[in-house]
Amino acid sequence: MPFLDRLQRWADERPDDTAVVVAGQRLSWAALRDAAAELVPATPAVTVLAEHNSTRFAAAFAAAVAGGRRCAVLDPAWPQQLRDTLTARFAEADPAGGPGGPGGDPDEGWPGNELSDGDPETPFLIGLTSGTTAVPKAFTRSRRSWQLSFDSSVEFFGLRPGDRTLAPGPLAASLNLYALAECLHAGSEFHTLAQFDVGAAHAAVSHDGITRLVLVPTMLRLLSERGLAGGVDASGVRSIICAGSKLDARTVEAARRWAPNATIFEYYGAAELSFVAGAGLQPGAAPAAGGTGIGRPFPGVELSILDVDGAPVPDGADGTVYVRSGMVSDGYLWGDDGEALQCVAGWYTVGDQGYLCDGVLHLLGRRSDMILTAGTNVYPHEVELALASVPGVAAVVAAGMADELRGQRVVAAVLPAHGGVTGTQLRTGVEDVLARNKRPLEYYLLAELPLTDRGKISRPLLLDWIARGDPRLRRLG
């Protein structure tokens, strides 16, 4: 099972307790079960769910994975043409129409046409992840992989039935979709917003008894800094769970002041790998000074660092991060370019680079992003992490520019926060964090971030802007 049998259990045991709250609209466990069960008979073998956050989304998602069904969740903000293309691809990848055949019963082989979990070994979720083409890669997950993920994350993060989780981002994003399902599995109250809004998130924290936040670092910084400025009480929050990138020191400090009783968790994972490694900073504990350490393996996860030939490297040496666990996805329906999910003798990787030191995983980024300057390997992630802690910096992009003398030179561009930042402040801010040969030789001020059409940071685009003298950035002295 992923969570439907558990949902039935909570609806029987606690029918009137709150299960899901979206923008103030509440569904009890019984109401959620009944709404989902009503949708099941008309739900096809493969559902393409592209909706904004709502209580209906929760019920539709539950129905879309009942029995032998599968669900693909798309961002409703994507262009209609892309959504139509993906829908057609799903039909091509599953020409039989699922377990019941074309127009058949999607629950054939399972007990009845009911709101219940299917065979643990069967796929239930079609995930999407960006690639080198305009159409995202699609992979599948089995019900068992999510069951193991629930077991691991509930233990690691200490999720309890009495918790109230706020995930203020879109449910179409895997971080928030998983948080919803995890809460349904654990019998814990789940909250989200119609769309991310700092004021609405603060109101939920202050008035809805939120004990747990699940969000990305940029959201945490906004909520913490504005919460401190506005006197928003977050003393009831006991855990903060962040993913997407490593937390910089400035964000950690703001979050500790705003939510003084919270354990701040950060972790590394990937859509294809699930949870890999993480750590929790307890209230009052001294944070590590800078660095790239992300924590120890999750329960049920083994880690290995291998070189380009697939051989293990010594402790502390850089290499490719490989994972072995039951939480890894089943592979791709399409889009496998050979550089995505790779397997070596049962160990899986998405190409991230890092090293292990005393059991702690340190992440460095992708090998393709590595900068080779005067014989030194520099990963942009290290530089960006150091600069993100400098006051006056809202976001950072680092890259390697061609250099006749060094091969490449490190450059960095920053999006300023309110009040701005100078080149001198940036140079001074990294002196005690980055080795001299890893520090940027040039700094630029950005009017906007260099983003792909999928909304991701693009280092090649930054270098193109610099080469063309694009007006969206200017060099700092």
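At what angle do helix 1 (residues 4-13) and helix 2 (residues 29-39) pack, and how far apart are their axes? The first legend below answers this for the predicted model.

**Figure 1. Packing of helix 1 against helix 2.** In this predicted model, the two helices pack at an angle of about 135 degrees, and their axes lie 8 Å apart. This angle makes helix 1 oblique to helix 2. The crossing by which helix 1 passes helix 2 is left-handed. Helix 1 contributes Leu-7, Gln-8, Trp-10, Ala-11 and Asp-12 to the contact, while helix 2 contributes Trp-29, Ala-30, Leu-32 and Arg-33. Of the residues in this contact, six are nonpolar, one is polar and two are charged.

**Figure 2. The open sheet of five strands.** The strands follow the order 3-4-5-6-16, and their pairing is mixed. Strand 3 (46-49) and strand 16 (331-334) each have a single partner strand, so one side of each is left without a neighbour in the sheet. From one strand to the next, the twist averages 30 degrees.

**Figure 3. Pairing of strands 3 and 4, with helix 5 on the sheet.** Four bridges join strand 3 to strand 4 (residues 70-73), and the two strands pair in the parallel sense. Leu-49 is placed opposite Val-73 of strand 4. Helix 5 (residues 143-157) packs on the sheet, where it touches strand 5 (123-129) and strand 6 (137-142). The direction of helix 5 makes about 75 degrees with that of strand 6.

**Figure 4. The open sheet of four strands and helix 12.** This sheet has the strand order 23-24-25-26, again with mixed pairing. At its edges stand strand 23 (393-403) and strand 26 (473-476), each of which pairs on one side only. On average, neighbouring strands are turned by 30 degrees against each other, direction ignored. Strand 24 (residues 407-416) pairs with strand 25 (residues 442-446) in the parallel sense over four bridges. Within this pair, Val-411 stands opposite Glu-442 of strand 25. Helix 12 (residues 459-468) packs on the sheet and touches strand 23, strand 24, strand 25 and strand 26. Its direction makes about 70 degrees with that of strand 23.

**Figure 5. Residues 95-112 and the confidence of the prediction.** Over residues 95-112, pLDDT stays under 50. For this stretch the model has 35 contacts beyond four places in sequence. Where pLDDT is low, the predicted coordinates should not be read in detail. For the protein chain, the mean pLDDT is 89, and 93% of its residues reach 70 or more.

Note on methods: Residues are numbered from 1 along each chain as its sequence is written. This is a predicted model: local features need pLDDT of at least 70, side-chain atom pairs count only at pLDDT 80 or more; totals for chains, interfaces and linings use all residues. Side-chain values use heavy atoms; hydrogens and water are left out. Two strands pair if DSSP finds at least two bridges between them. Axes are lines fitted to C-alpha atoms, for helices over the stretch in contact, and angles run from 0 to 180 degrees between N-to-C directions. Contact means heavy atoms within 4.5 Å. Angles under 35 degrees count as roughly parallel, over 145 as roughly antiparallel, 65 to 115 as roughly perpendicular and the rest as oblique. A crossing is left-handed if the near helix is turned anticlockwise from the far one by less than a right angle, and right-handed if clockwise. Ala, Val, Leu, Ile, Met, Phe, Trp, Tyr, Cys and Pro count as nonpolar, Asp, Glu, Lys and Arg as charged, and the others, Gly among them, as polar. pLDDT is the predictor's confidence in each residue, from 0 to 100.
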